[in-house]
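Let's take a friendly walk through one protein model. Please keep the structure open while you read.

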Amino acid sequence: MEKKTIVLGVIGADCHAVGNKILDHAFTNAGFNVINIGVLSSQEDFINAAIETKAELICVSSLYGQGEIDCRGLREKCDEAGLKGIKLFVGGNIVVGKQNWPDVEQRFKAMGFDRVYPPGTAPEVTIEDMKEVLGVK
């Protein structure tokens, strides 16, 4: 089976590296080709990495609460860059404060994200969803 390529990174002015390393390890062990662009990554960093590596999925992580601002417009920028249809996943502490999760999830889906994960989601949950949306057996 050909490995599916995913771009993983921490968006915006966020420098939380531990979760990023854990996800990289988990996704790699699950059989994905992980292109980890690390922390403090811009939308353009994600897009450029996806174009260069022909990735099929971008997985955005954010822990410092500004994910909603940092992620706004990413789907449109992907489309403009020729990445129409690329799968977009986002997770972590992606909003400020305690908010109603269904509302948060709906806002991110309205922004074009395929999957939205609350804080503390196990990597296995994301891996199963990645396999599903990428057609991996």
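This report looks at strands, aromatic rings, cysteines and a pocket in turn. Keep in mind that the model is predicted.

**Strands side by side**

Begin at the start of the chain, with strand 1 (residues 5-11) and strand 2 (residues 33-41). These two strands are paired in the parallel sense, and six bridges join them. To see one matching position, find valine 7, which stands opposite isoleucine 35 in strand 2. Between the two strands comes helix 1 (residues 18-29), and together strand 1, helix 1 and strand 2 form a right-handed β-α-β unit.

Now move along to strand 4, which covers residues 87-92. Is this strand mostly covered or mostly open? It is mostly covered, with five of its six residues buried. Strand 4 has a partner in strand 3 (residues 57-62), and this parallel pairing has six bridges. Within it, serine 62 has glycine 92 of strand 4 as its bridge partner.

Strand 4 also pairs with strand 5 (residues 115-117); the two run parallel and are joined by three bridges. Here glycine 91 is found opposite tyrosine 117 of strand 5. To get from strand 4 to strand 5, the chain passes through helix 5 (residues 101-110), and this β-α-β crossover is right-handed.

**Rings that meet**

How many aromatic pairs does the structure hold? There are two. A pair of aromatic rings is described by how far apart the centres are and by the angle between the planes. The table sets out both pairs.

| Ring pair | Distance of centres | Angle of planes | Description |
|---|---|---|---|
| Phenylalanine 89 and tyrosine 117 | 5.8 Å | 55° | tilted |
| Phenylalanine 108 and phenylalanine 113 | 5.8 Å | 65° | edge-to-face |

Why do the two pairs get different descriptions? An angle over 60 degrees counts as edge-to-face. The planes of phenylalanine 108 and phenylalanine 113 stand at 65°, so that pair is edge-to-face. Phenylalanine 89 and tyrosine 117 have planes at 55°, so their pair is tilted.

The tilted pair links distant parts of the chain, since phenylalanine 89 lies in strand 4 and tyrosine 117 lies in strand 5, 28 residues apart. Phenylalanine 89 is buried, at 0% relative accessibility, and tyrosine 117 is buried as well, at 8%. In the other pair, phenylalanine 108 and phenylalanine 113 are both buried.

**Cysteines on their own**

A disulfide is a covalent bond that joins the sulfur atoms of two cysteines. How many disulfides are counted here? The count is zero. The cut-off for a disulfide is 2.5 Å between the sulfur atoms, so the distances help to explain this result. The sulfur of cysteine 15 has its closest cysteine sulfur in cysteine 71, 17 Å away, which is too far for a bond. For cysteine 78 the closest cysteine sulfur is also in cysteine 71, at 10 Å, and that is again too far. The surroundings of these residues can be described too: cysteine 15 is exposed, with a relative accessible area of 55%, whereas cysteine 78 is buried, at 0% relative accessibility.

**The largest pocket**

Last comes some empty space. The largest pocket has a volume of about 290 Å³. It is lined by 19 residues, and the closest to its centre are Leu23, Ser61, Gly91, Gly92 and Thr121. Helix 1, strand 3, strand 4 and helix 6 (123-134) are the elements that each give two or more residues to this lining. Which element gives the largest share of the lining? That is helix 1, with five residues.

Technical notes
Residues are numbered from 1 along each chain as its sequence is written. This is a predicted model: local features need pLDDT of at least 70, side-chain atom pairs count only at pLDDT 80 or more; totals for chains, interfaces and linings use all residues. Side-chain values use heavy atoms; hydrogens and water are left out. Buried means under 20% relative accessible area, exposed over 50%, partly exposed in between (1.4 Å probe, protein chains only). Helices (H or I, at least four residues) and strands (E, at least two) are DSSP runs, numbered from the N terminus. Two strands pair if DSSP finds at least two bridges between them. A crossover is right-handed if, with the strands pointing away from the viewer, the path from the first strand over the helix to the second runs clockwise. Rings of Phe, Tyr and Trp (its six-membered ring) pair if their centres lie within 6.5 Å; planes under 30 degrees apart count as stacked, over 60 as edge-to-face and the rest as tilted. On a 1 Å grid over the protein atoms alone, a cavity is a set of points where a 1.4 Å probe fits but cannot get out, and a pocket is an open set with protein on both sides within 12 Å along at least five of seven lines; lining residues have an atom within 4 Å of a point. Grid points are joined across faces, edges and corners, and a volume is the space filled by probe spheres set on the points.
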